[in-house]
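Got your viewer open? Keep the selection box handy, and we'll go from stop to stop together.

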Amino acid sequence: MSSDVKITRTGPPPMDPNKSYVNPGEEDQMEIYGHRRSIFKCVISGVFLVATAGFLGLVFYWRRDWMLQCTHSRCSLSKATRVLLKDQYLQWSVNKVRTVTREGQSVDPDLSSSFESVESLTHVPHISLDPKANLTKTSSRNTMEKPEAIIRNFVNKKIKYIWNAELKSFERLKGLEEGVSCAYFYEAEGVSADERARRIVLYGANYIEVHVTPILKIFIQQIFSPFYVFQVFSCALWYADVYYYYASTIVLITSVSIVVAIYQIRKMERKLKNTIHGRDTVTVKQGTHADDFSEMSSDSLVPGDILEIPRHGCIMTCDAVLIAGNCIVNESMLTGESVPVTKTPVPKPNPGSAEETFSMSHHSRHILYCGTRVIQTRFYKGQRVKAVVLRTGFMTAKGELVRSIMFPKPMNFKFTQDAYLFVGALAAIAFMGFIYVIVIMVGDEEEPGDIVLRTLDLITIAVPPALPAALTIGTVFAQSRLKKTGIYCINPATIPVCGSTNVVCFDKTGTLTEDGLDIWGVVPAEEGRFQDVVHEANTLPEDNLLISMATCHSLTRIEGDISGDPLDVKMFEATTWELEEPGEEETNKYESLAPTIVRPSRPDIVNAANLPPELAPLEVGIVRQFTFTSALQRMSVIVRILGHDNFQLYAKGSPEKIESLSKPETVPKNFHNVLMQYTEQGYRVLALAWRPLPKLNYVKIQRVAREEVECDLSFLGLLVMENKLKPESASTIKVLQEANVRPVMITGDNMLTALSVARECGMIQPGQNVILATASPPSGAELNPRLEWVVAEETSERIEELKVRELGDVNLVMEQANKFHIAVTGKTWAVAKQLYPEILPKLAVRGTVFARMSPNQKAQLVEVLQEIGYYVVMCGDGANDCGALKMAHAGIALTEAEASVASPFTSKEQNIRCTPTLIREGKAALTTTFGIFKFMACISLTQFVTVLILYWIGNNLTDFGFLYIDMIPVTTLAVTFSYTRAYQSLTKDKVTVSLFTAQPLMSLVFQMILMTGIQTFFFFYVKTMPWFVSFVDNPDDEYASHMNATITLISCYQYVTLAVVFHKGAPFRRSMFTNWFFLINVIAVTIINVWLTIYPPQFLTDLMELADLPDMLFRIIIVCVAAVNFLASLFLETFILDGLVREKVRTVARKWCCKSKQYRYMHIEDEIVASSHWPPVNTATSDLARVLRQESAIATDDTGIVTSSSK
């Protein structure tokens, strides 16, 4: 691979050892520079501020980093009073360094250096590593306890950074999420009043504050933005030039625009503020006694507080880890998935065992996240349900989501970049006109004041001040159309970006396939052999297999209905058993209160507490749950059967994981072959296992680690579920493929199931090869896993017959199909990312199915796709896809909510049919934006040419001439131009995203040559008329003349011509004849122009100061030439630039003047096609069962990092 296409980096850019950073190695990594005020620089800047009449202050308002560098000097971070930060998107920000004592008193920054030797506060948890020291007045382990300790900090994007005097750097303030053991939370005793006050100084109030900006402040922000500053400058200039009516109209329109902008900003801020749950009253431990709980405001919560979760539920106002009791939580606020989730206490280590380090990702099933709703709690014998506060305010999970809305990732779109460059080009043209006017007017010995007015006026004409507003019109209409189809957008700027989409990533379950699963059958295993499939689970004997299905879940009853994971609901309903929440009467049956009781649905069930075991009905109490985690790929429960002395453990999870935890003699020898039969046919398969726990009593059961009991299991069988493809999936995938939009599947499910679904929905076409990239554990002297490549042959036969073919056969098929797909598992991705990063771009270019991918890995794949040049849309159900939804150029969450904080788009229709609709509207919006830009640019240049011609004779457009042109042809046509709907179907044609390519540049250049030629023709032609009277300059600036009338009238037709010519229809937008508003507008403006030309009313000619053209034939000639101009422009644009010779013109232009660089993924694709030796397919015969089994031996942590390999 050539050096220009190697992509070996994901995440933040590499760090320079000579620079300082905050958040090093993280997504929000930023360079940081320290500054102190310089009196000398302040004086110099003040002089220039006066010299520029305050304009320098305006520049400083726009660029705070320039102001900092002009008034401050660089210094070390330890002495800085201001810090300058630069993020990976090249955005600069300036923040003030504040210095306070632990009690919150401000300290003079110049005196803070005396405290430089004081230990930092930033060691997690920033308070004390001794949980019992929080109630004491001093702590030898915590330097914050020193009375002279100070806090140097700054706040950037709502996150506080604290000075670490030891490391000489600022570090992000953290709570209890890092650097503590799980045992820490059980030893915590709460926070005293004095310590709480000090921690509030450090952490701030526990409140996610979203301000609604005052109207006056928004007005000042709007009026001082570059766009409105230019408007103010233009209006002041027009007033000085006696264009009172025109200037007043623009002031009125600008005022209305500002009012609308203020209303929209306030509306969005209020909407965001209303979605943020405010303050609440919470019950917190505030004393040394175990029952010293009292109520207080949630604003006063700090990390380390022990919080009681009320029985009736609540909305969490902080992130907290559960230490007692269970909670049923709805996390739809964070994930978009409204399925209740059971939260259990964080594991409590046994005395003498190694301490387990707490991790937010690994222990997520024990964390109550801010913003989530606790539906109900479960407790034991009246005990409190307690949690320890981890994070508060904007540090919480909800705070991060709110921050992502308040400070979104900048959209680095090619068209936007080119638009700024093109405006610069217009400014350069205006500068040339500036020189032209000066030369002419100085030669005519004009007054200096008139020269200044005319030259500055020319700038306002060449650079259209209304351009930013005009460019947003198409997006607004597209957003409105999307809403009508059930697609809601919270970031309209992403709509045009969707028009460039060439890859769409789909989650599988709930996105491509139905969200719910149907139980297809159960395959029991007895004595190491699989038995016949049982399709009716309730006919199974009442033994361990049936009990495992009835108990191994996290279901609960909410308002009488069984709620929980849809898979668990289906499994439990298939048993036809009953589920009951416990009452006090059940306490004595299980030594303590059991969270859930299940039993067969029988009419004769009675209270059997006093019956002997042999007569007692079957009734099972679920004593403890080990919840499902993606990293472990399993869940388990400890139960006790009524009348039995021992506890039992039942486990459920991925077949490969359960097999590895089961005793070999209990696993059927044909396990992998049978498993692959079902997964190849698209079934979702789980395995069930069991073991007795004879030596554990109730107390030990509550303390035992899951790793100690989730081993030496007895394999019970397979649970086979049918996950049907949604009826819209296959047809939508076909539409995308026909439009050259590449579909990719990213799922956490089994690889063979994913391949089956990919073939069923058409992602992989019949006859196309699938090469499975797998990671093999190290062997021999090798220390790292290896990458292997095997071919999965499509077949309708049994899955074990899928063999690796010989290399020669593989090459032959590849040449015939000229296409092969790569399938990758999460472990292979982790190995490649960590050990073989140079292979990631090739995996991204040819990868179609990515299975067993963790949420982090999904986001990593999207990022790699973006880095090699793809425009990526991610479509998921909003559960495990949040990271990828945020990372993509555009994310579509399939959720019933009208808006989702996880993605800019939300579809109320629960299928992927929304993706072609979004791409179509994106292409239409981008085409509209492109057309509007060219229209506005040519309008300005046409008017620029008109004014230059009139300046030649000392003339100019009149006040009402400007007003008519800008209000009637330009404004109305720009608005109705954008109303055209998207094309009916999605086509493979690509939308141009760059202005600086052959076709757009040639279009602009040739159209302007034609417009200039027509006006130049009339400039000379009108002079040949016998009735022509030359314009005579006059002190009253009366511009009425034959030349003025002729040039003004012909230019009015040209504005209409440009609107029609740049109104592109198929293949991205519908025909202009379907846009009745635009069509009527064009006809109306044309009629008005003809009326003004042929038979103008006297009051209108007087108002516009148009001289009477006495020759009717000349007037008809103007109309006829305007018609010829229209036809010539239309022919040029439609039949030449966009027609028969389009490809030839573009090829020649690219060769000689506008070479366009290919995207990196194109280079990678060309390299793959040219290479007959990649991928290096293994020639040894091996079935896929062995390959996937080998890969499962590679160990990774919850973030996807390869940790070890076990044979």
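Is Thr576 buried, exposed or partly exposed? Select Thr576 and switch on a surface: with a relative accessible area of 40%, Thr576 is partly exposed, because that value falls between the 20% limit for buried and the 50% limit for exposed. You'll find Thr576 in the loop between α16 (566-575) and β26 (577-580). Check the backbone while you're there: phi is near 60°, a positive value, and Thr576 is not a glycine.

**Zoom out for a moment**

Bear in mind that this is a predicted model. Colour by confidence and you get a mean pLDDT of 80 for the protein, with 83% of its residues at 70 or more. Now select 584-593: pLDDT is below 50 over this stretch, which still has 28 contacts in the model beyond near neighbours in sequence. Do likewise with 795-818, where pLDDT is again below 50 and the contacts beyond near neighbours in sequence come to 48.

Switch to cartoon and there are 37 helices and 42 strands to look at. The protein has 1207 residues, and 55% of them count as buried. If you plot a contact map, take the contacts between residues at least 6 apart in sequence: 73% of these join residues at least 24 apart.

**Leu90, another positive phi**

Next, select Leu90, in the loop between β4 (82-87) and β5 (92-96). Its phi is near 65°, again positive in a residue other than glycine. On the surface view, Leu90 is exposed, with a relative accessible area of 58%.

**Arg102**

Move along to the loop between β6 (98-101) and β7 (150-156), where Arg102 sits. Why does Arg102 count as buried? Its relative accessibility is 2%, and the cut-off for buried is under 20%. Add Ile200 to the selection and draw a C-alpha to C-alpha distance: the two are 9.4 Å apart in space, with their positions 98 residues apart in sequence.

**Thr980 and its contacts**

Now jump to Thr980, in the loop between α29 (959-977) and α30 (998-1021). Thr980 is buried, at a relative accessible area of 1%. Show what touches Thr980, leaving out residues up to four places away in sequence, and you should get Arg481, His1063, Arg1069, Arg1070, Ser1071 and Asn1075. Two of these partners deserve a label. The side chain of Asn1075 makes a polar contact of 2.8 Å with that of Thr980. Arg1070 is 90 residues away from Thr980 in sequence, yet their C-alpha atoms are 6.5 Å apart.

**The α31/α32 pair**

For the last stop, select α31 (residues 1042-1061) and α32 (residues 1076-1094). How do these two helices pack? Their axes are 10 Å apart and make an angle of about 165°, so the helices are roughly antiparallel to each other. Look at how one passes the other, and you'll see a left-handed crossing.

Turn on side chains to see who meets whom. From α31 come Leu1049, Cys1052, Tyr1053, Val1056, Ala1059 and Val1060. They meet Phe1078, Val1082, Val1085, Thr1086, Asn1089, Val1090, Leu1092 and Thr1093 in α32.

Before you close the session, pick Pro1067, in the loop between these helices, α31 and α32. Which way round is the peptide bond from Ala1066 to Pro1067, cis or trans? Check omega: it is near 10°, and the bond is cis.

Conventions
Residues are numbered from 1 along each chain as its sequence is written. Side-chain values use heavy atoms; hydrogens and water are left out. pLDDT is the predictor's confidence in each residue, from 0 to 100. Contact means heavy atoms within 4.5 Å. Helices (H or I, at least four residues) and strands (E, at least two) are DSSP runs, numbered from the N terminus. Buried means under 20% relative accessible area, exposed over 50%, partly exposed in between (1.4 Å probe, protein chains only). A polar contact is a pair of N or O atoms within 3.5 Å; within protein, one must be able to donate a hydrogen and the other to accept it, and residues adjacent in sequence count only if both atoms are side-chain atoms. Axes are lines fitted to C-alpha atoms, for helices over the stretch in contact, and angles run from 0 to 180 degrees between N-to-C directions. Angles under 35 degrees count as roughly parallel, over 145 as roughly antiparallel, 65 to 115 as roughly perpendicular and the rest as oblique. A crossing is left-handed if the near helix is turned anticlockwise from the far one by less than a right angle, and right-handed if clockwise.
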